[in-house]
Amino acid sequence: MNFTTNEQLVLASASPRRKELLSMLGVPFTIVTSNVEETSVEALTVEDYVEGVALLKTRDIAAKCPDKCIIGADTIVVFNDQILHKPTSHEEAVAHLKQLRGNRHMVMTAVAIVLADGTEHTIVEKTSVLFKEVSDEMIEAYVQTKDPFDKAGGYGIQTSGALLVDKIEGDYNNVVGLPIASLVQKLLTLQLLKLHV
Ligand SMILES: Cc1cn([C@H]2C[C@H](O)[C@@H](COP(=O)(O)OP(=O)(O)OP(=O)(O)O)O2)c(=O)[nH]c1=O
């Protein structure tokens, strides 16, 4: 598919997965990364939290890049109303994965778009993921690969973390970090993107 844009698009993300997914559109964009403190966001619901973090990252870059259209995102894993953040130790990664095994959890990605005129738009997309009843040994072996440490919930569905997953309901790319299909719909609606046929 062939898209064009008149905007100067900026992806406010250090995630190589988000870069790859946005590249699918074939329109030019630059990357400027934010170092905001994600834990500073206070919210009553997990949806408000993830949206708040995505807005925080995106506003941070919007303040540094005037006259551009900034896109930022945040992904969280939610199990039993608790957010399982990126694990900071081997033990925490194992504990996350033991909680998730045999159970269903929700992956939520919020995308924030801040336009050159300061207008803000957000999307919150949810994908339900069911984990297999995997063994302690399998969890241990997976954590030893170090793959969990830069990922919400401590696994990557796009890497060998896929071996822990039974099935999903919803957008796969949302789990990887960017619900590209919903983002395209939003950008088309906002006329920030044009489809050429
Ligand atoms: C559940 C899951 C998460 N993830 C990733 C997506 C996100 O990159 C990451 C969650 O952390 P985020 O804070 O959303 O993103 P990030 O720190 O990687 O990048 P930035 O803030 O600069 O945009 O977890 C996967 O890659 N695969 C998965 O299966």
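Strands β6 (residues 104–114) and β7 (residues 120–131) run antiparallel and are joined by eleven bridges. Please keep in mind that this is a predicted model. The briefing below starts from that strand pair, then visits the ligand shell, an annotated position in β4 and helix α6.

**Strands β6, β7 and β8**

- Within the pairing of β6 and β7, Val-107 has Thr-127 of β7 as its bridge partner.
- Five residues lie between the two strands of this hairpin, and Gly-118 has a positive phi there, near 95°.
- β7 also pairs with strand β8 (residues 165–169), in the antiparallel sense and over four bridges.
- If you would like a landmark for that second pairing, look for Leu-130, which stands opposite Lys-167 in β8.

**Around the ligand**

- The ligand has 24 residues around it, and those that come nearest are Ser-13, Ala-14, Ser-15, Ile-157 and Gly-177.
- Sorted by class, the shell holds nine nonpolar residues, nine polar ones and six charged ones.
- Three elements each supply at least two residues of this shell: the helices α1 (16–23) and α5 (172–176), and the strand β4 (69–79).
- Of the elements, β4 gives the most to the shell, with four residues.

**Asp-74 in strand β4**

- Asp-74 carries the feature "active site" in UniProt, where the entry is unreviewed.
- This residue is placed in strand β4, the element that gives the most residues to the ligand shell.
- Is Asp-74 buried or exposed? Asp-74 counts as buried because it has 25 C-beta neighbours inside 10 Å, and the cut-off for a buried residue is 20 or more.
- Leaving aside residues up to four places away in sequence, Asp-74 touches Val-50, Val-53, Ala-54, Lys-57, Thr-109 and Ala-110.
- Two of these contacts, Thr-109 and Ala-110, lead back to β6, which spans residues 104–114.

**Helix α6 and its end**

- Helix α6 covers residues 180–189, and Ile-180, Leu-183 and Leu-187 are buried in it.
- These buried residues are on the same side of α6, because they cover an arc of only 60° around the axis.
- What do the buried residues of α6 pack against? Their partners are α1, β6, β7 and α5.
- Among those partners, α1 and α5 each supply at least two residues of the shell around the ligand, while β6 and β7 are the antiparallel strands joined by eleven bridges.
- After α6 comes Gln-191, and this residue has a positive phi, near 60°.

Terms used:
Residues numbered from 1 in each chain as written. Predicted model: local features only at pLDDT ≥ 70, side-chain atom pairs only at ≥ 80, totals over all residues. Pairing = 2+ DSSP bridges. Near = placed C-beta within 6 Å. Nonpolar A, V, L, I, M, F, W, Y, C, P; charged D, E, K, R; others polar. UniProt positions renumbered as here; feature names shortened; annotations may be inferred. Buried ≥ 20, exposed ≤ 12 C-beta atoms within 10 Å, placed from the backbone. Contact = placed C-beta atoms within 7 Å. Arc of directions from axis to C-beta.
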